[in-house]
Amino acid sequence: MTTEERPTGGHGGASARPVIEVRGISKRYGSIHALRDVDMSIFPGEVVGLVGDNGAGKSTLVNIIAGALAPTSGEILVDGAHVSFKSPTDARDAGIETVYQDLALAPDLSVWQNLFLGRERTVRGPLGWIGWLDRRAMAQQSVTDLERTRIRISSVASRVGRLSGGQRQAVAVGRAAAWGSKVILMDEPTAALGVEQQQKVGELIKTVASHGLPVLLISHNLPQVYGVCDRILVLFHGRLIADLRPEETDMDGIVGWITGAAMLSPGSAR
Ligand SMILES: Nc1ncnc2c1ncn2[C@@H]1O[C@H](COP(=O)(O)OP(=O)(O)OP(=O)(O)O)[C@@H](O)[C@H]1O
Ligand SMILES: [Mg+2]
């Protein structure tokens with residue numbers, strides 16, 4: 001099966017063109033080879049896990065797709081067209097949203113203000129809604145955006161600083177889902193959360209993907225990755241060494257790839 005023919009993960013079933021395609025991406029920091037010739041495709045509606053040990057190159061890869069870092073070599077395609085991002089703004093304009101561990105929320109602002117943070121002048125949501133700096137309209141749109149992701153927050157007027165960690169995470173994911181049209185990239189979004197909140201964010205990720213918006217999830221929480229992802233990619237010393245489906249492997253299998261042990265065992269399927 002070629003990359004182009006790969007079926008979508010769980011949602012849609014039929015073959016599809018990748019939304020995001022990374023071809024031969026390498027990144028050097030001086031003598032450090034953070035990424036080596038990485039090829040990766042993300043298809044509509046799938047949740048793709050990106051795992052690997054500390055320093056494997058996960059954040060570097062996500063930062064390149066997010067426009068925050070320039071690759072040393074290689075190509076990125078969005079919907080089959082080459083892109084060259086000069087900044088995260090370029091990537092956002094192309095429909096690529098990123099959620100980092102620190103969430104980049106403003107605690108003193110309300111939920112709806114956070115949803116529109118930095119975008120007050122271009123208040124165009126996923127439903128094609130356009131308006132001015134209209135507080136009421138932005139608050140109403142925020143309710144709709146959060147409902148789509150089934151996020152429950154008592155009021156969009158609540159100050160984000162008063163929300164729990166899980167609710168804040170939900171606002172960050174909800175914001176990404178509201179603005180993203182191609183992919184949501186998540187770099188360890190649940191690292192600071194308790195078990196129950198991690199599960200809720202996992203459900204939220206699945207809900208977002210069920211609307212067709214794929215998610216690339218970096219996490220060291222392997223049970224979460226295993227439970228949420230349709231496909232799991234493993235980076236090892238900057239190389240993409242495995243592309244696994246949860247049903248083809250188990251936790252030990254994933255750990256084997258992360259540590260590199262699976263590369264030594266001849267029976268391991270890639
Ligand atoms: N700005 C930088 N300058 C020099 N080296 C860097 C820089 N950023 C990352 N690296 C190196 O690149 C490699 C990949 O780092 P990266 O942050 O992508 O790893 P990671 O897989 O996200 O790790 P972690 O799980 O610890 O977050 C590491 O060897 C790291 O030390
Ligand atoms: Mg990282």
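Here are some notes on this predicted model, taken point by point.

1. Confidence first. The average pLDDT for the chain is 86, and 87% of the residues score at least 70. The weak part to flag is residues 1-14, where the pLDDT is below 50. That stretch still has 30 contacts in the model beyond near neighbours in sequence, but I wouldn't lean on them: where pLDDT is low, the predicted coordinates should not be read in detail.

2. The ligand site. Going around ligand 1, you meet Tyr29, Ile32, Ala34, Gly52, Asn54, Gly55, Ala56, Gly57, Lys58, Ser59 and Thr60. Sorted by character, that shell has four nonpolar residues, six polar and one charged. Two elements supply at least two residues each, namely strand E2 (32-42) and helix H1 (58-65). Of the contributors, H1 gives the most, with three residues.

3. Strand pairing around E1. Strand E1 (residues 20-29) runs antiparallel to E2, with seven bridges joining them. One pair to look at is Val22, whose bridge partner in E2 is Met40. E1 is also joined to E4, again antiparallel, by five bridges; here Arg23 has Glu75 as its partner in E4. The E1/E2 hairpin has two residues between the strands, and Gly30 takes a positive phi near 60° there.

4. Two backbone angles to check. Most residues other than glycine have a negative phi. Asp37 goes the other way, with a positive phi of about 50°, and this residue lies within strand E2. Glu188 likewise has a positive phi of about 50° without being a glycine; its place is in the loop between strand E7 (183-187) and helix H6 (195-210). Are these two buried or exposed? Asp37 counts as partly exposed because it has 14 C-beta neighbours inside 10 Å. Glu188 has 18 such neighbours inside 10 Å, so it is partly exposed too. If you go through the backbone by eye, I'd put Asp37 and Glu188 on the list.

5. Ala66, a loop residue on the inside. Ala66 sits in the loop between H1 and strand E4 (73-78). Despite the loop setting, Ala66 counts as buried because 23 C-beta neighbours lie inside 10 Å, and the cut-off is 20 or more. Leaving aside residues up to four places away in sequence, Ala66 touches Pro88, Ala91, Ile96, Thr98 and Leu185. There is also a long-range approach to Glu97: the two residues are 31 apart along the chain, yet their C-alpha atoms are separated by 7.3 Å.

6. The nonpolar core. The largest core has 73 residues, and those with the most contacts inside it are Ile65, Ile184, Leu216 and Leu217. Helix H5 (residues 165-179) provides the largest share of this core, eight residues. Ile184 is a good place to start looking, with contacts to Glu97, Val99, Ala176, Ala177, Val208, Leu213 and Val215 once residues up to four places away in sequence are left out. Note that Glu97 turns up twice in these notes, as a contact of Ile184 and as the residue whose C-alpha atom is 7.3 Å from that of Ala66.

Terms used
Residues are numbered from 1 along each chain as its sequence is written. Chains are lettered from A and ligands numbered from 1 in the order in which they are written. This is a predicted model: local features need pLDDT of at least 70, side-chain atom pairs count only at pLDDT 80 or more; totals for chains, interfaces and linings use all residues. A residue is near a molecule or strand if its C-beta atom, placed from the backbone, lies within 6 Å of it. Helices (H or I, at least four residues) and strands (E, at least two) are DSSP runs, numbered from the N terminus. Ala, Val, Leu, Ile, Met, Phe, Trp, Tyr, Cys and Pro count as nonpolar, Asp, Glu, Lys and Arg as charged, and the others, Gly among them, as polar. A residue is buried if 20 or more other C-beta atoms lie within 10 Å of its own, exposed if 12 or fewer, and partly exposed in between; C-beta atoms are placed from the backbone. Two residues are in contact if their C-beta atoms, placed from the backbone, lie within 7 Å. A nonpolar core is a set of buried Ala, Val, Leu, Ile, Met, Phe, Trp, Tyr and Cys residues joined through C-beta atoms within 7 Å. pLDDT is the predictor's confidence in each residue, from 0 to 100. Two strands pair if DSSP finds at least two bridges between them.
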